[in-house]
Amino acid sequence: MTYVDGFVLAVPKQNLEAYKEMARLGGQVWMEHGALSYVECVGDDVPYGEVTSFPRAVQAKEDEVVIFSWVTYRSREERDAVMAKVMADPRLEGSMANAPFDGKRMIFGGFTSLIEM
């Protein structure tokens, strides 16, 4: 079963193109260092819930879109090795400091697959 890193964040609509550029580079780096897949999605049907929701979770503002992303690996151990290489890759140096979104509102975590079909 694969290991998955998941991410949810809010990007100002005016910064979506800059985010796409950043994500393309990130995807290339992750894949070159051994990720099995890299997916970035922009919210299309993500209603603001009364109690909880994707927009609430990242405190999305009216002028922002929700991004849902994931990266897959063969195992947690492989993810840790890939992540170490990604974090040391000079192509990503300073990318979070210049990110086209508020990184403080990003949610992320690693997940062990429960069911795969």
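Two strands count as paired if DSSP finds at least two bridges between them. The model used here is predicted.

**Exercise 1.** Work out the strand order of the sheet, and find which strands stand at its edges.

*Solution.*
- Step 1. Trace the pairing. Four strands form an open sheet in the order S2-S3-S1-S4. The pairing is antiparallel.
- Step 2. Look at the ends. Strand S2 (37-42) and strand S4 (107-112) each have a single partner strand, so one side of each has no neighbour in the sheet.
- Step 3. Add the twist. From one strand to the next, it averages 15°.

**Exercise 2.** Describe how S1 pairs with S4, and name the partner of Val4 in S4.

*Solution.*
- Step 1. Count the bridges. S1 (residues 3-12) and S4 pair in the antiparallel sense over six bridges.
- Step 2. Locate Val4. Its bridge partner in S4 is Phe111.

**Exercise 3.** Find which strands helix H1 and helix H3 touch, and give the angles.

*Solution.*
- Step 1. Take H1 (residues 16-32). This helix packs on the sheet and touches S1, S2 and strand S3 (64-73). Its direction makes about 165° with that of S2.
- Step 2. Take H3 (residues 76-88). This helix also packs on the sheet, touching S1, S3 and S4. Its direction makes about 50° with that of S1.

**Exercise 4.** Place Val46 and decide: buried, partly exposed or exposed?

*Solution.*
- Step 1. Find the residue. Val46 lies in the loop between S2 and helix H2 (54-57).
- Step 2. Apply the cut-offs. Buried means under 20% relative accessible area, and exposed means over 50%. Val46 has 31%, so Val46 is partly exposed.
- Step 3. Add the surroundings. Val46, Phe54 and Phe68 form a nonpolar surface patch, together with about 240 Å² of accessible area.

Notes: Residues numbered from 1 in each chain as written. Predicted model: local features only at pLDDT ≥ 70, side-chain atom pairs only at ≥ 80, totals over all residues. Heavy atoms only, no water. Helix = DSSP H or I, 4+ residues; strand = E, 2+ residues; numbered from the N terminus. Axes fitted to C-alpha atoms, helices over the stretch in contact; angles between N-to-C directions. Contact = heavy atoms within 4.5 Å. Patch = residues over 30% accessible without salt bridge, like charges linked within 9 Å, V, L, I, M, F, W, Y side chains within 5 Å. Areas by Shrake-Rupley, 256 points an atom, 1.4 Å probe, with all protein chains shown as cover. Salt bridge = Lys/Arg side-chain N within 4 Å of Asp/Glu carboxyl O. Buried < 20%, exposed > 50% of the residue type's maximum accessible area, 1.4 Å probe, protein only.
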